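Reader: I would like a close look at one helix of this model, covering the faces of the helix, what they pack against and how the charged side chains pair. Please keep the account connected, and state the cut-offs behind the terms as you go.

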Amino acid sequence: MTENAAGGTTETTELTTAELTPAELTTAELTTEQEDVLEALRDVVDPELGINVVDLGLVYGVDVDAERIATIDMTLTSAACPLTDVIEDQAREALDGVVADFRINWVWMPPWGPEHITDDGREQLRALGFNI
């Protein structure tokens with residue numbers, strides 16, 4: 001709520017990263033903390049595809065609270081992927097010193113698809129021989 005010129009209040013809504021598609025997330029106006037987390041997460045590489053989780057479109061949202069604790073909404077290319085521990089370990093290393101702590105909120109809706117891959121991710125996949 002914010003106070004308007006007439007002394008009343010108006011309700012304001014703040015856009016959260018959860019309302020963005022993965023591709024929009026990389027181009028949206030984000031806080032410095034959110035940008036720092038996304039940049040650090042570019043060091044987290046999907047073990048199966050060899051591309052970072054941001055450019056693959058696996059990161060659906062990032063929020064950082066006042067205590068510098070990040071909540072990351074992330075998905076995997078499939079719900080049956082056994083590599084969540086590997087990705088969490090890589091994220092822990094990548095985010096060390098960037099935030100005080102973090103939590104990955106594994107989400108499955110909307111399901112991941114190739115349309116979530118960023119242009120940089122598509123170029124990386126093409127360089128590896130994928131036809132995308």
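Author: On the side of helix α3 that is turned away from its buried face, the exposed residues are Asp85 and Glu93; here, exposed means over 50% relative accessible area, buried under 20% and partly exposed in between, with a 1.4 Å probe and protein chains only. The model is a predicted one, in which local features need pLDDT of at least 70 and side-chain atom pairs pLDDT 80 or more, while totals for chains, interfaces and linings use all residues. Residues are numbered from 1 along each chain as its sequence is written, and side-chain values use heavy atoms, without hydrogens or water. Helices (H or I, at least four residues) and strands (E, at least two) are DSSP runs, numbered from the N terminus.

The buried residues of α3 are Ile87, Ala91, Ala94 and Leu95. When the helix is viewed down its axis, these buried residues fall within an arc of 85°, and they therefore line one face of α3; the arc is taken from the directions from the helix axis to the C-beta atoms. This buried set packs against α2 (32-41), β4 (69-74) and β5, where contact means heavy atoms within 4.5 Å. Just beyond the helix, Gly97 adopts a positive phi of about 90°.

The packing can be followed into the interior, where the largest nonpolar core has 31 residues, and Leu95 is among those with the most contacts inside it, together with Val37, Leu41, Val59, Ile72, Met74 and Phe102. At least two residues of this core come from each of α2, β3 (59-64), β4, α3 and β5. A nonpolar core is a set of buried Ala, Val, Leu, Ile, Met, Phe, Trp, Tyr and Cys residues joined through side-chain atoms within 4.5 Å. Leu41 shows how α3 enters this packing, since Ala91 and Leu95 are among the residues that Leu41 touches, alongside Asn52, Val53, Val54, Val59 and Ile72, when residues up to four places away in sequence are not counted.

As for the charged side chains, the whole structure holds three salt bridges, each a side-chain nitrogen of Lys or Arg within 4 Å of a carboxyl oxygen of Asp or Glu. One of them joins Asp55 to Arg42, with closest N and O atoms 2.8 Å apart. Both residues lie in the loop between α2 and β3, so the pair ties together parts that are 13 residues apart in sequence. Asp55 counts as buried because its relative accessibility is 4%, whereas Arg42, with a relative accessible area of 25%, is partly exposed. Arg42 also forms a salt bridge with Glu39, in which the closest N and O atoms are 3.6 Å apart, and Glu39, at 51% relative accessibility, counts as exposed.

Another salt bridge belongs to α3 and joins the side chains of Arg92 and Asp89 at 3.3 Å, N to O. These two residues both lie in the helix, three residues apart, which is about one turn. Both partners count as partly exposed, Arg92 with a relative accessible area of 47% and Asp89 at 42% relative accessibility. Glu39, Arg42 and Asp55, for their part, are joined into one network by salt bridges that share partners.
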